[in-house]
Amino acid sequence: MASSITPHTLPSRRRTLALAAGAIATVAAAAFLPATAHAQSEGPWPAKPIRWVVPFPPGGAMDVIARTLGERAGRALGQPFVIENRPGAGGNIGADAVAKSPADGYTIMITSIGMATNKALYAKLSYDPVKDFAPISLLAVVPNVLVVNANSPDKTVADVIAHAKREPGKLTYASAGNGTSIHLAGEVFASMAGLNLLHVPYKGSGPAVTDMLGGQVDLMFDSITSAVPHIQAGKLRALGVTSAKRSAALPNVSTIAEAGVPGYEVSPWFAVFAPAGTPAPIVQKINAALLDAMKQPDTKARFDAIGAEPIGSTPAQLATHLDKEMARWGKLIKERNIRMD
């Protein structure tokens with residue numbers, strides 16, 4: 001028996017077909033809309049504050065540089081740079097957080113020589129210093145300075161070398177911890193001068209300087225930022241800066257190379273990176289804003305106060321610098337058998 005079609009059946013079927021067609025169109029639109037809606041919601045960059053991770057505690061040279069440049073670059077870009085201190089594990093905690101952040105230009109990190117040394121120092125890292133980051137700019141150099149207590153009998157770098165050779169393994173040098181630039185500066189010094197020094201690592205520069213002032217340790221390759229006030233107060237004696245040229249913060253103090261260890265140079269540096277995959281136009285905008293910030297007169301005054309020497313570089317120049325530093329420090333760390341774990 002043939003089925004009958006009543007006047008009410010046809011409209012019902014048409015409605016069913018129409019609803020089905022509408023559902024298909026909705027699915028197709030849903031597949032298309034997220035991308036366009038996402039693109040429209042992003043808008044021009046930056047549309048919100050930029051998080052600037054500092055993987056060390058507040059107050060040090062790294063923190064001061066980030067806050068100084070962030071304030072000025074933020075004005076230029078129209079969005080603030082919000083400083084987030086994420087200290088711990090020689091900078092690894094902050095670096096890991098940034099490596100895992102979205103590559104959208106809203107997270108960057110200032111870092112130091114640890115970016116070049118940690119891969120050799122640690123048996124395992126949760127990030128790759130090269131593959132997981134996009135270089136932005138090499139910002140500045142802040143030299144270390146070889147200091148002794150004001151009451152020390154050693155008045156020159158030559159005196160320290162002679163003292164260490166008279167009493168091998170007895171002359172102590174303090175550092176802010178294993179693998180820090182303060183530690184590595186001492187390792188390079190001992191290696192190049194043929195000395196056997198006793199390394200005394202502390203948990204941070206503060207406790208190390210306290211014992212230097214108290215005469216519990218013999219010498220230290222301290223950051224010029226923290227050492228200058230004690231030098232000016234007459235509590236510590238500066239014997240030589242670790243950089244290739246003299247520091248404007250201590251113009252009358254010779255370099256260690258000038259003072260008896262030819263070719264010696266350890267120049268702790270500070271640079272800024274973003275997560276790998278951050279769009280190149282955004283990297284270039286951040287680079288331009290930071291370089292412009294470094295040209296400001298008030299920036300120079302702030303840098304001079306902490307002994308920082310501004311550099312500024314392209315992303316490509318920073319990438320090359322990191323490669324060279326990783327090769328240099330990797331070799332030294334292996335030769336001196338320096339390990340963190």
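Guide: Let's start with some sorting: Asp, Glu, Lys and Arg count as charged, Ala, Val, Leu, Ile, Met, Phe, Trp, Tyr, Cys and Pro as nonpolar, and the others, Gly among them, as polar. By the way, what we're looking at is a predicted model.

Visitor: How do the residues lining the second largest pocket divide into those groups?

Guide: Eight are nonpolar, three are polar and five are charged. Among the residues nearest the centre of this pocket is Glu-265, and Glu is on the charged list, so Glu-265 counts as charged. Val-141 and Pro-268 also lie nearest the centre; Val and Pro are on the nonpolar list.

Visitor: Which elements supply at least two residues each of that lining?

Guide: β4 and α11 do, and α11 gives the largest share, four residues. Helix α11 (residues 315-335) also lies across β4 and β10, at about 80° to β4.

Visitor: What about the largest pocket: how much space lies in it, and how many residues line it?

Guide: About 920 Å³ of space, with 44 lining residues. Phe-56, Ala-176, Thr-180, Ile-182 and Ser-205 are nearest its centre. What makes a residue part of the lining is an atom within 4 Å of a pocket point. This lining has 20 nonpolar, 22 polar and two charged residues.

Visitor: Now the sheets. Why are β7 and β9 said to stand at the edges?

Guide: Follow the order of this open five-stranded sheet: β7-β6-β8-β5-β9. β7 (198-201) and β9 (236-241) each have a single partner strand, so one side of each lacks a neighbour in the sheet. Neighbouring strands here are turned by 30° against each other on average, direction ignored.

Visitor: How do you know that β5 and β9 pair?

Guide: Pairing takes at least two bridges between the strands. Strand β5 (residues 144-149) and β9 share five, in the antiparallel sense, so they pass that cut-off. Val-147, for instance, stands opposite Ala-238 in β9.

Visitor: And what makes β3 and β10 a pair?

Guide: Here, too, we count bridges: β3 (residues 107-111) and β10 (residues 269-275) have three, again antiparallel. The cut-off is two, so they count as paired. Ile-110 has Val-272 in β10 as its bridge partner. Both strands belong to an open six-stranded sheet ordered β2-β1-β3-β10-β4-β11, with β2 (81-85) and β11 (309-310) at the edges.

Visitor: Which strands of that sheet does helix α2 touch?

Guide: β1, β2, β3, β4 and β10. Touching calls for heavy atoms within 4.5 Å. Helix α2 (residues 61-77) runs at about 160° to the direction of β2.

How values were computed: Residues are numbered from 1 along each chain as its sequence is written. This is a predicted model: local features need pLDDT of at least 70, side-chain atom pairs count only at pLDDT 80 or more; totals for chains, interfaces and linings use all residues. Side-chain values use heavy atoms; hydrogens and water are left out. Axes are lines fitted to C-alpha atoms, for helices over the stretch in contact, and angles run from 0 to 180 degrees between N-to-C directions. On a 1 Å grid over the protein atoms alone, a cavity is a set of points where a 1.4 Å probe fits but cannot get out, and a pocket is an open set with protein on both sides within 12 Å along at least five of seven lines; lining residues have an atom within 4 Å of a point. Grid points are joined across faces, edges and corners, and a volume is the space filled by probe spheres set on the points.
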